[in-house]
Amino acid sequence: MTKNKCERPYSDRNIDKSCKRGIPRKMHRDCAWLRPGRMIARLFMAVAVGGMLLTGCGNKVDVPDMSGMGTINVVSREEGSGTKTEFDNLVNTDAAGTNSVADSTDNVISDVASDKNAIGYVAYSNVDDSGVKVLKVDGEVPDDMSIDKDKYPLCRDYILVYSGELSAVAKDFMAYVKSAGQAVVADYCVPVKKSETFLSDKSGGTVEIHGSTSAAPIVSKLAEEYMKINPAANIVVTESDSTQGLNDALQGKCDLGMSSRSLQSYESELLTSYVFGRDAIAVIVNSGNPMDDISVDMLKKIYDKKYTEWGDLK
């Protein structure tokens with residue numbers, strides 16, 4: 001059995017981005033580093049750089065007057081959600097402070113929009129202006145540049161997976177996703193490559209795609225545009241969650257699975273994966289909340305139930 005079968009288009013996307021932060025490039029093994037006249041200067045430089053790295057790990061956030069706010073209503077996604085898995089991992093929380101669980105992106109937005117004390121998280125590509133606002137995290141706004149450069153702290157990939165050999169029409173659809181379809185992806189999140197010309201082989205048949213509610217709007221639009229090019233194809237996208245989509249692909253219940261979380265080791269061994277886009281997990285609050293910025297540390301304390309009142313933030 002081949003391990004880590006992957007069709008990711010370039011090596012940088014194969015790397016767990018969280019592992020790259022703060023890792024310096026290899027030092028040149030130049031004898032100049034050993035010259036006595038330079039050792040003190042290098043030492044001071046190393047201390048200064050180290051101090052910069054340490055202060056950059058926990059950016060100070062200005063907290064406005066929260067006296068008009070009450071008990072925090074902590075909204076999380078359901079177990080199996082790729083967004084929940086990635087958020088919990090990136091924030092390093094057990095989410096013990098969760099007050100309500102929403103089973104879709106739309107329901108998280110609805111819950112937060114209807115409660116001025118609520119906080120939640122959703123795919124940045126799916127956020128609308130219906131009564132919620134997106135917070136900066138550690139001073140970083142989630143946008144194409146901060147996602148592409150991995151400056152925003154809560155970034156993740158969108159992945160299509162399959163088991164075994166694809167049908168002719170599924171192969172043709174995947175060829176579209178990897179080429180002209182990247183222009184569609186760019187309307188929602190950060191594409192993994194530039195759009196390229198696509199020539200369909202006009203294969204006919206049905207392709208069943210199951211999984212992530214965060215990835216589903218993008219994949220549904222990809223399916224819609226692909227079927228304009230190849231009317232002989234019927235692409236059916238069914239929303240569930242990332243884990244269900246991966247399990248369905250493993251069990252042969254669908255042709256392709258959609259995931260918004262990283263694959264576990266056994267999933268990587270059994271499934272072929274392709275990263276088709278990169279997005280952020282947006283932290284949202286009610287539009288009446290005075291906050292504009294929040295730190296990862298604050299998020300952890302909220303979701304760990306260390307902070308239960310908005311007035312606890314400081």
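Ala95 lies in the loop between H2 and S2. Let's start there and work outwards, keeping in mind that this is a predicted model.

What is odd about the backbone at Ala95? Its phi is positive, at about 60°, although Ala95 is not a glycine. Most residues other than glycine have a negative phi. Is Ala95 buried or exposed? With a relative accessible area of 10%, under the 20% cut-off, Ala95 is buried.

Asp150 has a similar story to tell. Asp150 is found in the loop between helix H4 (144-148) and strand S6 (155-162). Phi of Asp150 is near 60°, again a positive value in a residue other than glycine. Asp150 also counts as buried, because its relative accessibility is 12% and the cut-off for buried is under 20%.

Now step back to the whole chain. The protein chain holds 10 helices and 12 strands. Of its 314 residues, 46% count as buried. How far apart in sequence are the residues that touch? Take the contacts between residues at least 6 apart in sequence: 78% of them join residues at least 24 apart.

H2, the helix before the loop of Ala95, has a helix partner, H10. Another pair to look at is H5 with H7. Here are the two pairs together.

| Helix pair | Angle | Axes apart |
|---|---|---|
| H2 (residues 82-91) and H10 (residues 296-303) | about 115° | 9 Å |
| H5 (residues 168-177) and H7 (residues 216-229) | about 110° | 10 Å |

Let's take H2 and H10, which pack at an angle of about 115°. That angle makes H2 roughly perpendicular to H10. Their crossing is left-handed. Which residues make the contact? From H2 come Phe87, Leu90 and Val91, while H10 brings Val296, Leu299, Lys300 and Tyr303. Sorted by type, the residues of this contact are six nonpolar, no polar and one charged.

Over at H5 and H7, the angle is about 110°. H5 is therefore roughly perpendicular to H7. H5 passes H7 in a right-handed crossing. On the H5 side, Val169, Asp172, Phe173, Tyr176 and Val177 take part, and they meet Leu222, Ala223, Glu225, Tyr226 and Ile229 in H7. Split by type, the residues of the contact of H5 with H7 are eight nonpolar, no polar and two charged.

H5 deserves a second look. Which of its residues are buried? They are Val169, Ala170, Asp172, Phe173, Met174, Tyr176 and Val177. Seven of the 10 residues of H5 are buried, so this helix is largely enclosed by the rest of the structure.

Finally, there's H3 (residues 105-113), whose buried residues are Thr105, Val108, Ile109 and Val112. Why do these residues sit on the same side of H3? Because they cover an arc of only 95° around the axis. And what do they pack against? The buried residues of H3 pack against strands: S1 (73-77), S2 (100-102), S3 (118-123), S4 (132-134) and S11 (272-286). S2 brings us back to where we began, since the loop with Ala95 runs between H2 and S2.

Methods: Residues numbered from 1 in each chain as written. Predicted model: local features only at pLDDT ≥ 70, side-chain atom pairs only at ≥ 80, totals over all residues. Heavy atoms only, no water. Axes fitted to C-alpha atoms, helices over the stretch in contact; angles between N-to-C directions. Helix = DSSP H or I, 4+ residues; strand = E, 2+ residues; numbered from the N terminus. Parallel < 35°, antiparallel > 145°, perpendicular 65-115°, else oblique. Left-handed = near helix turned anticlockwise from the far one by under 90°. Contact = heavy atoms within 4.5 Å. Nonpolar A, V, L, I, M, F, W, Y, C, P; charged D, E, K, R; others polar. Buried < 20%, exposed > 50% of the residue type's maximum accessible area, 1.4 Å probe, protein only. Arc of directions from axis to C-beta.
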